[in-house]
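Student: I am new to this structure and would like to go through it step by step. Could you show it to me before I ask about it?

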Amino acid sequence: MSQIYINGMRDDPSVREYDTLDASVQELIQAAAAARNQAYCPYSNFAVGAALRTSDGSIYSGCNIENSAFAASICAERTAAAKAISEGKREFIACAVVAQQEKGFTTPCGICRQFLAEFAINGKDIPLYAAKPTNLPLRVLCSSVLELLPKSFSLDNGK
Ligand code: THU
């Protein structure tokens, strides 16, 4: 019988131990965890941090920022991406997302998947690491933007 996975639970091979990941990935996860501490989320009480590494080695991080007009809220991933892009950096080589959920990992919402897929330029995928802030031993869901959103919308689709 096939195993049902909920965001990388159970023995999903895409879930790895934090200690086995490259130091650069560990650093990115730590940056996302630090950004999560700045989350402004009085409505959901669900704090999220994200960090993007750009091709020059820089890290841009962000948190979710909610608003009493709920739809005006922004997710951590788009905060981080907007910071990088507005600083002239749009070649993303890795992304980390950190949040605390009892079961499974927090992966980007649909809007953030589309937003990030825009920058998986020429099909160059962006590895994505989803982790929890504390739970030790720390386990990390290793995926990618295009794995999370295959066939994303593009104005070139159908041409
Ligand atoms: N959120 C993020 O910032 N990133 C995600 O990957 C999932 C959801 C935020 C949006 C909202 O502020 C809160 O988490 C609850 O949905």
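Student: Between which helix and which strand is the loop that holds Asn 45?
Tutor: Helices (H or I, at least four residues) and strands (E, at least two) are taken as DSSP runs and numbered from the N terminus. The model is predicted, so local features need pLDDT of at least 70 and side-chain atom pairs count only at pLDDT 80 or more, while totals for chains, interfaces and linings use all residues. Residues are numbered from 1 along each chain as its sequence is written, and side-chain values use heavy atoms, with hydrogens and water left out. On that footing, the loop with Asn 45 runs between helix H1 (23-36) and strand S2 (48-54).

Student: What is the phi of Asn 45, and is the residue buried or exposed?
Tutor: Most residues other than glycine have a negative phi. Asn 45 is not a glycine, yet its phi is positive, at about 55°. Buried means under 20% relative accessible area, exposed means over 50%, and partly exposed lies in between, with a 1.4 Å probe and protein chains only. By that scale Asn 45, at 66% relative accessibility, counts as exposed.

Student: Where is Lys 151 placed, and what is its relative accessible area?
Tutor: Lys 151 also has a positive phi of about 55° although it is not a glycine. Its place is in the segment after helix H4 (145-148). Lys 151 is exposed, and its relative accessible area is 83%.

Student: What pattern does the protein chain follow along the sequence?
Tutor: The protein chain has 4 helices and 6 strands, and of its 159 residues 43% count as buried. Read from one end of the sequence to the other, these elements give the pattern β-α-β-β-α-β-α-β-β-α.

Student: Which residues have the most contacts inside the largest nonpolar core?
Tutor: A nonpolar core is a set of buried Ala, Val, Leu, Ile, Met, Phe, Trp, Tyr and Cys residues joined through side-chain atoms within 4.5 Å. The largest one has 21 residues, and the elements that give two or more residues to it are S2, helix H2 (76-86), strand S4 (92-99), helix H3 (110-117) and H4. A second, separate core of 17 residues includes Ile 29, Ala 31, Leu 138 and Val 140. In the largest core, the residues with the most contacts are Leu 52, Phe 92, Cys 95, Leu 116, Ile 126 and Val 145.

Student: Against which elements do the buried residues of H2 pack?
Tutor: The buried residues of H2 are Ala 76, Glu 77, Arg 78, Thr 79, Ala 80, Ala 81 and Ala 84. Contact here means heavy atoms within 4.5 Å, and Ala 81, at 0% relative accessibility, is in contact with Leu 52, Phe 92, Phe 115 and Leu 116, leaving aside its neighbours within four places in sequence. Taken together, the buried residues of H2 pack against S2, strand S3 (59-63), S4 and H3.

Student: How far apart in space are the C-alpha atoms of Gly 49 and Ala 99?
Tutor: Gly 49 lies in strand S2 and is buried, with a relative accessible area of 0%. Not counting residues up to four places away in sequence, Gly 49 touches several residues, including Ala 32, Gly 62, Ala 76 and Val 98. Gly 49 and Ala 99 are 50 residues apart in sequence, while the separation from C-alpha to C-alpha is 6.6 Å.

Student: Which residue has a side-chain N or O atom 2.5 Å from an oxygen atom of the ligand?
Tutor: The residues around the ligand, those with a heavy atom within 4 Å of it, include Ser 44, Phe 46, Asn 64 and Thr 107. A polar contact is a pair of N or O atoms within 3.5 Å; within protein, one must be able to donate a hydrogen and the other to accept it, and residues adjacent in sequence count only if both atoms are side-chain atoms. A polar side-chain atom of Asn 64 lies 3.0 Å from a ligand oxygen atom, and a backbone N or O atom of Thr 107 lies 3.4 Å from a ligand oxygen atom. The residue with the 2.5 Å distance is Glu 77.
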